[in-house]
Amino acid sequence: MQPFDLWSFSSSFNSSIYWFLCVILLVTSSSCESVIKLTGNMTFPAVFAFGDSIVDQGNNNGIKTVVKCNFPPYGQDFEGGIPTGRFGNGKTPPDLIGTYTYTHFYTYYFISRNAQVLGIRDLIPAYLDPNLKAEDLPTGVSFASGASGYDPQTPQIVSVISLSDQLEQFKEYIGKLKGAVGEERTNHILSNGLHLVVAGTDDLANTYFTIGIRRKQYDIPSYADLVVASASTFIQELYSLGARRIAVFGVPPIGCLPSQRTLAGGLVRACSEEHNQAAQLLNAKLSSEIDSLAKRLTQSRVVYIDIYNPLLHLIQYPQNYGFEISDKGCCGTGNIEVSILCNKYSGTCPDNSKYIFWDSYHPTEKTYKVLVDQILQKYINYFQ
């Protein structure tokens with residue numbers, strides 16, 4: 001089935017069918033909290049992703065790097081239980097946001113995990129997916145690469161795709177999209193699509209703290225300045241290529257990631273306050289820079305997304321969200337396994353729905369769903 005083309009269809013959608021679909025979506029959705037009211041007639045015809053493993057949909061599969069996850073138990077809860085290169089047990093934020101945002105009619109977004117009843121794409125593919133077809137291009141792709149970051153040193157350490165190379169791929173994508181749908185619609189897709197930028201975690205957690213190659217050159221404030229300057233340059237280049245709706249995610253509480261607890265949390269594996277304070281400082285500087293860019297880049301909606309506080313609250317109060325374990329991942333011991341260390345010999349927990357983290361670095365699909373719901377509720381109207 002071809003993806004349903006809301007972009008061309010919505011203008012002729014009559015009100016009787018509109019309300020009929022309202023009923024269908026509300027009935028099939030898991031909750032009556034499925035509607036987010038908007039004040040304008042806004043649509044996201046596509047979702048794009050840039051950055052690191054949180055939004056890597058499988059781009060690392062085809063490159064020479066040890067940072068891969070296209071093998072079990074990754075993808076355990078994905079469609080068919082197939083490992084796709086997504087760093088988790090199931091769907092990731094681009095998939096979840098893509099499902100949600102394609103179901104917009106008039107002044108409402110229907111947040112439905114059953115949006116596929118309308119034939120709408122609910123998975124965002126990797127740009128380097130060898131099975132990617134021309135008809136997949138208009139609804140967006142991910143250019144992200146696991147273990148990448150704003151700091152140019154970060155992707156070099158493990159031979160993954162840098163953000164500058166992700167921009168080059170985006171340029172290539174734009175050329176292909178123009179060939180598929182024409183220049184006018186391409187411009188519409190680029191300017192109205194939602195561009196997710198998720199990076200910075202590997203810069204701090206790996207390049208600065210764990211490997212430490214930048215720690216010899218910079219203190220934390222000056223390194224944060226370097227990262228923010230690189231982020232600002234990337235966002236401006238993305239804007240120059242036609243992106244207008246850009247969601248820039250802050251850094252999570254990296255000191256509370258299971259791997260960082262193990263490496264820096266002492267015998268009791270407590271959250272590392274040094275790591276978390278560095279994340280907070282970086283986020284403060286990044287948020288300020290995003291506010292400045294939003295004022296300078298005309299007709300843009302560049303929005304800083306706070307992920308630090310929502311995830312920290314989940315970790316501190318897991319029972320409030322239906323979780324039980326917040327200091328370990330589900331894979332292996334849960335203390336250190338990630339990527340190639342989380343494999344078919346590692347074993348997994350009996351019930352990953354009780355875990356906030358899938359491996360020692362990445363959240364479970366259930367956690368992503370909680371965070372995505374919160375993010376959409378808080379920020380969706382900022383993109384009008």
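This section describes the aromatic contacts and the internal cavities of a predicted model.

Aromatic pairing was examined across the whole structure, and 18 aromatic pairs were found. One of these joins Phe44 and Phe383 in an edge-to-face arrangement, with 6.3 Å from centre to centre and 80° between the planes. Phe44 belongs to the loop between strand S1 (35–37) and strand S2 (47–51), whereas Phe383 lies in the segment after helix H12 (365–379), so the contact ties together parts that are 339 residues apart in sequence. Both Phe44 and Phe383 are buried.

Another pair is formed by Tyr127 and Tyr173, whose ring centres are 6.4 Å apart; because their planes stand at 80°, above the 60-degree cut-off, the pair is edge-to-face. Tyr127 is placed in the loop between strand S4 (108–110) and helix H4 (153–158), and Tyr173 in helix H5 (residues 163–181), which gives a link between distant parts of the chain, 46 residues apart. Tyr127 has a relative accessible area of 4% and is therefore buried, and Tyr173, at 0% relative accessibility, is buried as well. Tyr127 and Tyr173 also belong to a cluster linked by ring pairs, together with Phe48, Phe50, Phe143, Phe170 and Phe234.

Charged side chains were also found over aromatic faces. Arg244 is positioned over the face of Tyr239, 3.8 Å from the ring centre. Lys366 lies over the face of Phe323, at 4.6 Å from the ring centre.

A search for enclosed space returned three cavities of 30 Å³ or more. The largest cavity holds about 300 Å³ of space. Its lining comprises 23 residues, and Ile54, Val198, Pro252, Ile307 and Tyr368 are those nearest the centre. Two or more lining residues come from each of helix H3 (93–101), strand S5 (194–198), helix H7 (201–210) and H12; of these, H12 gives the most, with four residues. By residue class, the lining of the largest cavity consists of 18 nonpolar, three polar and two charged residues.

The second largest cavity has a volume of about 80 Å³. Residues lining this cavity include Ile97, Leu194, Leu196, Ala247, Phe249 and Ile305, as well as Ile375, Leu376, Tyr379, Ile380 and Phe383. S5, strand S6 (245–249) and H12 each give two or more residues to this lining, and the largest share, three residues, comes from H12. The lining of the second largest cavity is made up of 11 nonpolar residues, with no polar and no charged ones. Phe383 thus appears both in this lining and in the aromatic pair with Phe44.

Technical notes:
Residues are numbered from 1 along each chain as its sequence is written. This is a predicted model: local features need pLDDT of at least 70, side-chain atom pairs count only at pLDDT 80 or more; totals for chains, interfaces and linings use all residues. Side-chain values use heavy atoms; hydrogens and water are left out. Rings of Phe, Tyr and Trp (its six-membered ring) pair if their centres lie within 6.5 Å; planes under 30 degrees apart count as stacked, over 60 as edge-to-face and the rest as tilted. Buried means under 20% relative accessible area, exposed over 50%, partly exposed in between (1.4 Å probe, protein chains only). A charge sits over a ring if NZ of Lys or CZ of Arg is within 6 Å of the ring centre and within 35 degrees of the ring normal. On a 1 Å grid over the protein atoms alone, a cavity is a set of points where a 1.4 Å probe fits but cannot get out, and a pocket is an open set with protein on both sides within 12 Å along at least five of seven lines; lining residues have an atom within 4 Å of a point. Grid points are joined across faces, edges and corners, and a volume is the space filled by probe spheres set on the points. Ala, Val, Leu, Ile, Met, Phe, Trp, Tyr, Cys and Pro count as nonpolar, Asp, Glu, Lys and Arg as charged, and the others, Gly among them, as polar.
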